[in-house]
Amino acid sequence: MDIIIIVEGKNDRSRLRRLVDDRVGILCTYGTLNTAKTESLRKEVGNRPVYLFMDNDASGKRIRGVLRDTFPDAEHIYTRRGYAGVEGTPEEYMLQQLEKAGLEEYLVYPDPTPLV
């Protein structure tokens with residue numbers, strides 16, 4: 001794995017996995033962070049670049065704050081307020097945000113839907 005993206009839950013990971021290749025590791029906080037979980041994430045990340053992609057709600061902002069302290073050099077990827085978290089963000093918007101974070105080389109673009 002070249003880089004790591006940390007998300008909150010397994011549904012976020014599943015949604016994101018469809019848009020990035022296997023060189024991207026996706027780790028989950030499962031909505032909770034304590035010292036043991038934070039240390040586990042730090043070990044799994046190692047020296048790889050980290051990207052934080054959390055929901056735009058109170059819980060996501062709290063988790064982002066903790067992870068900001070744990071990974072001060074992390075890049076932040078944001079979803080738009082009003083979307084139902086990362087898992088409810090349209091793929092097109094997710095791709096735009098991942099491109100904005102400079103991750104184009106890792107993206108897997110869905111096949112356009114053929115017109116019938």
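Is E105 buried or exposed? With a relative accessible area of 53%, E105 is exposed, and the legends below place this residue among its charged partners in what is a predicted model.

**View 1. The salt bridge between R23 and E105.** The side chains of R23 and E105 meet in a salt bridge, with a distance of 3.4 Å from N to O. This pair links distant parts of the chain, since R23 lies in the loop between α1 and β2 whereas E105 lies in the segment after α4, 82 residues apart. Of the two partners, E105 is exposed at 53% relative accessible area, while R23, at 31% relative accessibility, counts as partly exposed.

**View 2. R23 with D21, and the network to which they belong.** R23 also forms a salt bridge with D21, in which the closest N and O atoms are 2.8 Å apart. D21 has a relative accessible area of 19% and is therefore buried, the limit for that class being under 20%. R23 has the salt bridge to E105 as well, and salt bridges that share partners join D2, D21, R23 and E105 into one network.

**View 3. The salt bridge between R18 and E91.** The structure holds five salt bridges, and one of them is formed by the side chains of R18 and E91, at 3.2 Å from N to O. This pair, too, links distant parts of the chain: R18 is in the loop between α1 (10-17) and β2 (24-28), E91 is in helix α4 (residues 91-100), and the two are 73 residues apart. R18 counts as partly exposed at 48% relative accessibility, and E91, with a relative accessible area of 23%, is likewise partly exposed.

**View 4. Helix α3 and its buried face.** Helix α3, which comprises residues 58-70 and thus has 13 residues, reaches 19 Å from its first C-alpha to its last, close to the 18 Å expected at 1.5 Å a residue. Within α3, the residues G60, I63, R64, L67 and T70 are buried. Seen down the axis of α3, these buried residues fall within an arc of 115°, so they line one face of the helix.

**View 5. The surroundings of helix α3.** The elements that cover the buried residues of α3 include β1 (3-7), α2 (35-45), β3 (50-54) and β4 (75-78). On the face of α3 turned away from its buried side, the helix carries the exposed residues A58 and D69.

Note on methods. Residues are numbered from 1 along each chain as its sequence is written. This is a predicted model: local features need pLDDT of at least 70, side-chain atom pairs count only at pLDDT 80 or more; totals for chains, interfaces and linings use all residues. Side-chain values use heavy atoms; hydrogens and water are left out. A salt bridge is a side-chain nitrogen of Lys or Arg within 4 Å of a carboxyl oxygen of Asp or Glu. Helices (H or I, at least four residues) and strands (E, at least two) are DSSP runs, numbered from the N terminus. Buried means under 20% relative accessible area, exposed over 50%, partly exposed in between (1.4 Å probe, protein chains only). The arc is that of the directions from the helix axis to the C-beta atoms. Contact means heavy atoms within 4.5 Å.
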